[in-house]
Amino acid sequence: LDKVLSGKPVAAKIRQTIKDLISSHDLHPAMSMIQIGNDPASEYYVQNIVSSGAKLNCRVDLTNLPSDASQKDLIALINTSNMDTSIHGIMLQRPLPKTINEYQAGLAVHPDKDIDCLNPINQGKIVLGEDGLLPCTPLAVLIMLAYYHLPVSGSNVVIVGRSPVVGKPLANMLLWKKPFANASVTICHSQSRDIASIISRADIVVAAIGQSEFIDSSMIKKNAILIDVGINEIADADGKNRYVGDIDYNSCYDKALAISPVPGGVGSVTTALLFLGLVKACLISSGINKTIDDFLGLILSDK
Ligand code: NAP
């Protein structure tokens with residue numbers, strides 16, 4: 001059993017799966033990536049996607065709208081990408097300016113091109129357990145657990161954080177009647193009473209709150225599996241910036257059965273999955289439907 005759940009080998013296997021699918025189906029995947037304004041953290045993420053796309057033979061058309069772009073400008077751009085048959089996926093970079101209604105923007109993205117799972121049709125499919133385009137971060141958590149053969153079926157999973165991009169879809173995915181899911185799920189959030197006692201009952205804890213090292217060893221049960229989705233930038237005593245998760249890694253390491261690091265954990269898998277989603281969307285446009293079970297089979301093969 002691996003104690004440190006590194007995302008690197010998982011991401012490498014996903015990238016290999018992407019390359020194999022592209023060559024075996026002769027695909028030319030292309031996504032439209034829309035960025036509004038120039039938030040520095042977003043800028044880093046966007047450049048990472050552009051360079052990953054180039055390495056994977058996936059075209060990334062980046063459009064940068066000014067920070068005062070209107071809802072109408074954004075919807076017009078989304079509609080252009082919806083109608084462009086050479087574009088298979090649309091990705092809207094967050095955070096969006098306050099002037100943009102994220103729900104309306106998500107509604108505008110065609111469900112078959114919705115590689116970031118913003119459209120309520122795709123969110124609804126998750127709740128119903130229907131196959132569709134899936135959100136990258138929750139999927140990264142499920143794939144990490146499957147890749148490292150960690151027991152999810154029948155387990156008590158506590159998710160800390162209820163955002164529409166991470167906590168809420170993940171909770172529904174963990175409830176799927178699938179061998180890699182089938183969990184009992186509890187979600188905590190900022191209004192939950194006595195979070196520590198809820199976390200202490202979890203076989204698996206998934207932290208997605210955006211609070212540096214919030215979960216320490218006193219809150220977890222012995223041999224808990226810890227998945228850290230949080231990415232928080234903090235300043236060291238010597239003034240240098242570094243990234244930490246929502247889980248206090250050093251405090252929890254000995255007591256945990258397995259723990260994902262930050263950086264180098266879930267985050268590294270997420271970007272690879274954005275391109276796997278793009279490949280899925282590209283296959284959909286050619287009338288080929290590959291399900292989550294098909295993709296998992298490919299990612300977990302020869303392990
Ligand atoms: P978000 O939209 O800000 O949601 C945070 C959630 O955490 C909310 O549900 C909030 O509760 C809850 N929360 C905040 N403080 C809490 C506390 N002290 N106790 C309990 N619950 C608390 O954040 P997000 O977009 O889901 O992202 C969460 C973290 O994951 C961030 O660090 C983000 O950078 C990271 N992230 C990582 C990836 C990746 O690929 N690894 C992708 C996306 C996000 P309320 O609902 O009550 O406000």
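Strand β9 supplies the largest share of the lining of the second largest pocket, 3 residues. The model is predicted, and the pocket in question holds about 150 Å³ of space. Other points covered below are a ligand with 20 residues around it, a cavity of about 130 Å³, an open sheet of 5 strands and some backbone details.

**Second largest pocket**

- The lining of the second largest pocket consists of 14 residues, and those closest to the centre are Glu213, Val244, Gly245, Tyr249 and Val262.
- Two elements, β9 (241-244) and α9 (249-252), give two or more residues each to this lining.
- Sorted by class, the lining of the second largest pocket has 7 nonpolar, 4 charged and 3 polar residues.

**Ligand site**

- Arg162, Ser163, Ser190, Ile231 and Thr270 come nearest to the ligand among the 20 residues around it.
- The shell around the ligand is made up of 11 polar, 8 nonpolar and 1 charged residues.
- On the side-chain side, an N or O atom of serine 163 lies 2.5 Å from an oxygen atom of the ligand.
- Backbone atoms also take part: a polar backbone atom of isoleucine 231 is 3.0 Å from a ligand oxygen, and a backbone N or O atom of valine 229 is 3.4 Å from a ligand nitrogen.
- The ligand taken alone exposes 920 Å², and the protein buries 69% of that area.

**Cavity**

- Over the whole structure, a search finds 1 cavity of 30 Å³ or more.
- The largest cavity has a volume of about 130 Å³.
- Its lining has 13 residues, with Leu134, Leu139, Gly277, Lys280 and Phe295 nearest the centre.
- Helices α6 (136-147), α10 (266-285) and α11 (292-300) each contribute at least two residues to the lining of the largest cavity, and α10 gives the largest share, 4 residues.
- By class, the lining of the largest cavity comprises 9 nonpolar, 2 polar and 2 charged residues.

**Sheet**

- An open sheet of 5 strands runs in the order β5-β4-β6-β7-β10, and the pairing is parallel.
- Strands β5 (184-188) and β10 (258-259) are the edges of this sheet, each pairing on one side only.
- Within the sheet, β4 (residues 156-160) and β6 (residues 204-207) run parallel and are joined by 4 bridges.
- Isoleucine 159 stands opposite valine 206 of β6.

**Helix α5 and the loop before it**

- Cysteine 117 is in the loop between α4 and α5, and has a positive phi of about 55° although it is not a glycine.
- Most residues other than glycine have a negative phi.
- At the start of α5 (residues 120-128), a side-chain oxygen of asparagine 119 comes within 2.8 Å of the backbone nitrogen of isoleucine 121.
- Glycine 129 follows α5 and has a positive phi, near 80°.

**Cis peptide bonds**

- Most peptide bonds are trans.
- The bond from arginine 94 to proline 95 is cis, with omega near 0°; proline 95 sits in the loop between β3 (89-92) and α4 (102-108).
- Valine 262 and proline 263 are also joined by a cis peptide bond, with omega about -5°, and proline 263 lies in the loop between β10 and α10.
- Val262 of this cis bond is also one of the residues closest to the centre of the second largest pocket.

Methods
Residues are numbered from 1 along each chain as its sequence is written. This is a predicted model: local features need pLDDT of at least 70, side-chain atom pairs count only at pLDDT 80 or more; totals for chains, interfaces and linings use all residues. Side-chain values use heavy atoms; hydrogens and water are left out. On a 1 Å grid over the protein atoms alone, a cavity is a set of points where a 1.4 Å probe fits but cannot get out, and a pocket is an open set with protein on both sides within 12 Å along at least five of seven lines; lining residues have an atom within 4 Å of a point. Grid points are joined across faces, edges and corners, and a volume is the space filled by probe spheres set on the points. Ala, Val, Leu, Ile, Met, Phe, Trp, Tyr, Cys and Pro count as nonpolar, Asp, Glu, Lys and Arg as charged, and the others, Gly among them, as polar. A residue is near a molecule or strand if one of its heavy atoms lies within 4 Å of it. A polar contact is a pair of N or O atoms within 3.5 Å; within protein, one must be able to donate a hydrogen and the other to accept it, and residues adjacent in sequence count only if both atoms are side-chain atoms. Accessible areas come from the Shrake-Rupley method with a 1.4 Å probe; for residues, only the protein chains shown count as cover. Two strands pair if DSSP finds at least two bridges between them.
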